[in-house]
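Here is a quick walk through one protein chain, going from the whole fold down to a couple of individual residues. Have a look at the model first, then read on.

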Amino acid sequence: MVLVINTTRAVFLLVDYKFYQKLIESGFNPYGMEESYDRFIAAFANAGYSYAGKYTVNGTCRIDGSNRLGKSKDARWLPTWNISAKWNAKEESFLKEVDWLSYLSLRGLMGLLLVWGLQKIQLQYI
């Protein structure tokens with residue numbers, strides 16, 4: 001258990017020895033260094049189209065490659081994508097004469113996202 005006491009002048013960190021003991025017994029050395037290899041490459045493409053300032057469509061494709069995504073060569077590449085659309089309603093003829101409304105648009109997005117998160121070690125609380 002780690003207890004942090006914060007005062008206006010100093011911060012005191014009180015650590016229970018069982019916390020470090022459990023880390024060391026699980027094979028993690030909190031004071032050591034480790035050598036690891038991480039390779040990462042990414043490529044992306046982006047395209048957009050707008051018609052008459054009213055309708056807009058955008059699309060993005062991205063592919064990420066890393067040795068941390070998996071051991072097999074097929075699992076090392078992760079494609080992600082998204083497509084979005086926007087309708088600028090204020091540019092329509094039935095809303096142009098509305099003076100109290102200066103801007104109105106409707107947007108939508110759909111896609112697949114990548115969240116790397118914690119890659120190597122996830123510590124559990126004791």
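## The chain as a whole

Of the 126 residues in this chain, 10% count as buried. Keep in mind that this is a predicted model. The accessible surface adds up to about 11100 Å², and carbon and sulfur atoms account for 59% of that area.

As for secondary structure, there are six strands and one helix. Going along the sequence, they come in the order β-β-α-β-β-β-β. If you take the contacts between residues at least 6 apart in sequence, 40% of them join residues at least 24 apart.

## How the strands pair

Strand β4 covers residues 55-66, and β5 covers residues 77-88. These two run antiparallel and pair over 11 bridges. One spot to look at is Gly59, whose bridge partner in β5 is Ile83.

On to the next pairing: β5 is also joined to β6 (residues 105-112), again antiparallel, by eight bridges. Here you can find Asn88 standing opposite Ser105 of β6.

## Two residues of β4

Is Asp64, in strand β4, buried or exposed? Its relative accessible area is 2%, and the cut-off for buried is under 20%, so Asp64 counts as buried. Its side chain also has a polar partner: the side chain of Arg62, at 2.8 Å.

Val57 sits in β4 too. With a relative accessibility of 40%, Val57 falls between the 20% and 50% cut-offs and therefore counts as partly exposed.

Which residues does Val57 touch, once its neighbours within four places in sequence are set aside? The list is Ala47, Gly48, Tyr49, Ile83, Ser84 and Ala85. Take Ile83 from that list: it is 26 residues from Val57 along the chain, yet their C-alpha atoms are separated by 7.4 Å. Ile83 is also the residue that bridges to Gly59, so it is worth picking out in the viewer.

## A nonpolar patch on the surface

Now for the outside. Tyr49, Tyr51, Tyr55, Trp87, Phe94 and Leu106 together make a nonpolar surface patch of about 710 Å². Among them, Tyr51 is found in strand β3, which spans residues 40-51. Another member, Tyr49, has already come up as one of the contacts of Val57.

Methods:
Residues numbered from 1 in each chain as written. Predicted model: local features only at pLDDT ≥ 70, side-chain atom pairs only at ≥ 80, totals over all residues. Heavy atoms only, no water. Helix = DSSP H or I, 4+ residues; strand = E, 2+ residues; numbered from the N terminus. Buried < 20%, exposed > 50% of the residue type's maximum accessible area, 1.4 Å probe, protein only. Polar contact = N/O pair within 3.5 Å; in protein donor to acceptor, adjacent residues only side chain to side chain. Contact = heavy atoms within 4.5 Å. Patch = residues over 30% accessible without salt bridge, like charges linked within 9 Å, V, L, I, M, F, W, Y side chains within 5 Å. Areas by Shrake-Rupley, 256 points an atom, 1.4 Å probe, with all protein chains shown as cover. Salt bridge = Lys/Arg side-chain N within 4 Å of Asp/Glu carboxyl O. Pairing = 2+ DSSP bridges.
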